[in-house]
Number of protein chains: 2
Amino acid sequence: MFGARFLARALRSCSSAPCPGHRPPARLSVRDALGAQSTSGERVKVQGWIRSVRSQKEVLFLHINDGSSLESLQVVADSSFDNRELAFGSSVEVQGQLVKSPSKKQNMELKAEKIEVVGNCDATAFPFKYKERHPLEYLRQYPHLRCRTNALGSILRVRSEATAAIHSFFKDNGFVHIHTPIITSNDCEGAGELFQVEPSSKIKMPEENFFNVPAFLTVSGQLHLEVMSGAFTQVFTFGPTFRAENSQSRRHLAEFYMVEAEISFVESLQDLMQVMEGLFKTATMMVLSNCPEDVELCHKFIAPGQKERLEHMLKNNFLIISYTEAVEILKQSSQNFTFTPEVAAVDLLVPGVGELFGGSLREERYHFLEQRLARSGLTETYQWYLDLRRFGSVPHGGFGMGFERYLQCILGIDNIKDVIPFPRFTHSCIL
Amino acid sequence: MFGARFLARALRSCSSAPCPGHRPPARLSVRDALGAQSTSGERVKVQGWIRSVRSQKEVLFLHINDGSSLESLQVVADSSFDNRELAFGSSVEVQGQLVKSPSKKQNMELKAEKIEVVGNCDATAFPFKYKERHPLEYLRQYPHLRCRTNALGSILRVRSEATAAIHSFFKDNGFVHIHTPIITSNDCEGAGELFQVEPSSKIKMPEENFFNVPAFLTVSGQLHLEVMSGAFTQVFTFGPTFRAENSQSRRHLAEFYMVEAEISFVESLQDLMQVMEGLFKTATMMVLSNCPEDVELCHKFIAPGQKERLEHMLKNNFLIISYTEAVEILKQSSQNFTFTPEVAAVDLLVPGVGELFGGSLREERYHFLEQRLARSGLTETYQWYLDLRRFGSVPHGGFGMGFERYLQCILGIDNIKDVIPFPRFTHSCIL
């Protein structure tokens, strides 16, 4: 798209060896610049967007953010650098020396020797105003720009860290990761309303389905994980799931992410509950340790009191109580986390968020399952599912955790639409 | 589903504290049992499926596999344990002592004190036969059982490791992970045929779209990553993408996984190519180091010669050549990895697999983009995309890597349907 000037530049330098001759200043992220321990006096280059401008008589202060951290880097420049283009929202490249900051507000600051405005920001049209803290509802109107605010920046960095933490937890505990299919011909226990999938141009195949059978977007990877737990013993998936429900609730989306695990040779719900508790606590501790400032921003400005609630959850064992007991206790107390097993299923309920985990032991006995499928006339369709019980069947069980609800829970975010980059729900599929 | 017996057991033990009284034998995965360094004489418990049975006069040998590794654990038992149910494919639980094996074939073996058959295997109906190596085409007919074979077990463990390695690479290099949406109202540069999405029951909303606009399955997360690179500078996504192409090729699927990255402040294709090369080499080295036996199985039995080709790729710098040069060279040589930049785009082509990476610099100049969109009558629809250039625009670029093709490339697997757990393509959506 850029034309010949880029091609020429690309062809000039060959392979991945560094260019000979003059050494350019090292490029640093804001995060790395802020965390630098010593100053070698070398020139560095920092790129990002201007978050604030303060012009004094002889000195100009800029704060530059590149999304690598919540905190911005302070740039100190001679007032001769001042010009109208150095404004809130503009993108800049600053070269200069990284030095210890005399102020206690930050560790390091950048003494500018060169400031280049890369792209202007049309301030009158920009929906976010300098120094203003906009409510999350307002930001939601601008899914393509809200990630540039402190609040959404922090939430999405936490989302990224939590994703990594969940993958780590399972890997460290010997689970094999499985990409369960998005398009499926099952409807997994008839949960909720389904989205159907068809090629948009029906011209080529007018009289048949693309897949020969009706195809839907997955509502759960459970059945496919059951297949895989019969080979790898412990498996998990972490991907999108879908419900075509006509809901505008602050806890529902048409497209949301689920973490699901399936484990062979489990003997009781207790086995499952230990994994759920381990997942919740380990992932949360990792998030708290890897992005404390981002979590703190949410706890401080969006959900006061959430910090203490979260600490309480992490410090205590989750209690196992029957359904009846749970109802009684919930009526009276502020107990936050409760496993409620009913028959051979378990739900983990959280105040404010509702069901966070759901899990169960599965029917592993061939004849019981066969009878049930026969009664529903599904024996042929689910022969493959029966096969899993015909060839070396094992007791097994699993659970699912709603990932957005998990984020709501640890950050205290009221509306699910604020913890996913591009929310999809009834009447809304922006971008 | 299991009934009251499980509930009773679950309620008996409270919280996550271990049960008091008699200590049960420690449960070990086959991988951990094989890798044990010392034998404390303690009783252990191993669970899995029987891969082979060898009955001698006084001794019975079983090989047990639980999917945690390619290698099975040898169980040595007194011949009095022998019975018909101990057969290929049955699931068992074995208790006994883990001891150094006298044979050089394995490090450790399990001296059985107790063997329990958990689930029988109906050998006459089981599609895989003892000691037979079935071709991949044959296994493809049994997507619910093929994961229990050595070949698919290894491929899917490598897939899991490669997934983790790709997440690590980006995290270690300061990229923020973004879940780009699966359902979208864009069609991203009109690439290929689209799948359309609609609620399966049209009863509730007969006269309108669920989302108010026509909605499709994503073909690329590029545009959404461009949004995010304007906030976080370096972002990536790793998720499913879709093409409704009527193709039965060994290189195409209707549902496949893409790794996509977008980087702000890139100055040339060279910047992008360095990230691509780093991703390929780092992820591959990590896979080779974490599951060498699984990779070796593929290189040995499925793709002879692939090992050397892969080593050659990892040891050498990827060359950058023009399109014309590339065609000339490909005609004549066995050069494996070649970046071919054309104008401001780059493709990485691999023999046998075809296009593995595709990347480009994007148009960051507002007026150029506006003119182009206006010519296509798309100004209004893509106002948000223009906005990214109106508010602090930066030069940026990105690339996508087909994940299944990557697996085909490192393992030497000919057909893309063998590197994904549940392949979806024209006329086929099994399970």
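This dialogue discusses a strand and the relation between two chains in a predicted model.

Colleague: Is strand E12 of chain B enclosed or open, and how many of its residues are buried?

Modeller: A residue counts as buried when its relative accessible area is under 20%. In this model, 10 of the 10 residues of strand E12 (residues 255-264) of chain B are buried, so the strand is largely enclosed by the rest of the structure.

Colleague: Which residues of E12(B) lie on each side?

Modeller: Both faces of E12(B) are covered. One side carries Glu255(B), Tyr257(B), Val259(B), Ala261(B) and Ile263(B), and the other carries Phe256(B), Met258(B), Glu260(B), Glu262(B) and Ser264(B).

Colleague: Which strands are joined to E12(B) by bridges?

Modeller: Strand E11 (residues 234-242) of chain B is joined to E12(B) by 9 bridges, and the two run antiparallel. Here Phe242(B) stands opposite Glu255(B). Strand E17 (residues 396-402) of chain B also runs antiparallel to E12(B), with 7 bridges between them. Within E17(B), Gly400(B) is the bridge partner of Glu260(B).

Colleague: How should one read the relation between chain A and chain B?

Modeller: In general, two copies of a chain are related by a rotation about an axis and a shift along it. In this case, a turn of 180° and a shift of 0.0 Å along the axis lay chain A on chain B with an RMSD of 0.0 Å. The two copies are therefore related as by a two-fold rotation axis.

Colleague: Which residue of chain A comes closest to the rotation axis?

Modeller: That residue is Val197(A), whose C-alpha is at 2.5 Å.

Colleague: Through what surface do the copies meet?

Modeller: Of the interface residues of chain A, 99% are also interface residues in chain B, so the copies meet through the same surface.

Note on methods: Residues are numbered from 1 along each chain as its sequence is written. Chains are lettered from A and ligands numbered from 1 in the order in which they are written. This is a predicted model: local features need pLDDT of at least 70, side-chain atom pairs count only at pLDDT 80 or more; totals for chains, interfaces and linings use all residues. Side-chain values use heavy atoms; hydrogens and water are left out. Buried means under 20% relative accessible area, exposed over 50%, partly exposed in between (1.4 Å probe, protein chains only). Helices (H or I, at least four residues) and strands (E, at least two) are DSSP runs, numbered from the N terminus. Two strands pair if DSSP finds at least two bridges between them. Copies are superposed by least squares on the C-alpha atoms of residues with pLDDT of at least 70 in both. Contact means heavy atoms within 4.5 Å.
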